[in-house]
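Please find below a colleague's note on the coordinates shown here. The points are numbered for ease of reply.

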Amino acid sequence: MSYYSGCLDSHKPHFLEACFLCRKTLGRNSDIYMYRGNTPFCSKECRQEQIEIDQSTEKKSWKMSSSSSRSIRKTDPKDSTPNKDVRSGTVAVA
């Protein structure tokens, strides 16, 4: 028996109704494999595939952000000024 809320169109599926990756319906008496808190999977294989997808995405994102920050540093006009005077020494403040 299900609870009638008064509006059939407002039914939002519960997050444990289907596998996040393959959308297979999760059975009531079957194991559910969780990842990152509240992401359900029907099998260890689906969960592992999602982990690998996430790791690949994170690596690409990290590489892109690291290469863009390097190119920004290379083209910084303040750093491209030739013959900079650099002073080194000790400063004492009383």
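**Note on the cysteines, the core and the salt bridges**

1. Cys46 counts as buried because its relative accessibility is 12%, where buried means under 20% relative accessible area, exposed means over 50% and partly exposed lies in between (1.4 Å probe, protein chains only). The sulfur of Cys46 forms no bond with the closest cysteine sulfur, that of Cys42, because the separation of 3.8 Å is too far.

2. On provenance, the model is predicted: local features need pLDDT of at least 70, side-chain atom pairs count only at pLDDT 80 or more, and totals for chains, interfaces and linings use all residues. Residues are numbered from 1 along each chain as its sequence is written, and side-chain values use heavy atoms, with hydrogens and water left out.

3. The secondary structure comprises one helix and two strands, assigned as DSSP runs (helices: H or I, at least four residues; strands: E, at least two) that are numbered from the N terminus. Along the sequence the pattern reads β-β-α. Strand E1 covers 33–35, strand E2 covers 39–41, and helix H1 covers residues 44–74.

4. Of the 94 residues, 14% count as buried. The protein exposes about 8900 Å², of which carbon and sulfur atoms supply 53%; accessible areas come from the Shrake-Rupley method with a 1.4 Å probe, and for residues only the protein chains shown count as cover. Among contacts (heavy atoms within 4.5 Å) between residues at least 6 apart in sequence, 15% join residues at least 24 apart.

5. How many disulfides does the structure hold? The number is zero, a disulfide being a pair of cysteine sulfur atoms within 2.5 Å. Cys42 is in no disulfide, and its nearest cysteine sulfur, that of Cys22, is 3.7 Å away.

6. The largest nonpolar core has seven residues, Cys19, Leu26, Tyr35, Phe41, Cys42, Cys46 and Ile51. Such a core is a set of buried Ala, Val, Leu, Ile, Met, Phe, Trp, Tyr and Cys residues joined through side-chain atoms within 4.5 Å. With neighbours within four places in sequence left aside, Cys42 is in contact with Cys19, Cys22, Lys24, Leu26, Asp31 and Tyr33.

7. There are two salt bridges, each a side-chain nitrogen of Lys or Arg within 4 Å of a carboxyl oxygen of Asp or Glu. In one, the side chains of Arg36 and Asp54 meet at 3.9 Å, N to O. This pair links distant parts of the chain, 18 residues apart: Arg36 is in the loop between E1 and E2, and Asp54 is in helix H1. Asp54 is buried because its relative accessible area is 16%.

8. Glu58 and Arg36 meet in a salt bridge at 2.6 Å, N to O. This pair also links distant parts of the chain, with Glu58 in helix H1 and Arg36 in the E1–E2 loop, 22 residues apart. Glu58 counts as partly exposed because its relative accessibility is 42%. Arg36, Asp54 and Glu58 are thus linked in a network of salt bridges.

9. Two backbone angles merit a check. Arg36 has a positive phi of about 50° although it is not a glycine, and Arg36 counts as exposed because its relative accessibility is 53%. Phi of Arg23 is likewise positive in a residue other than glycine, near 65°. Arg23 lies in the segment before strand E1 and counts as exposed because its relative accessibility is 56%.
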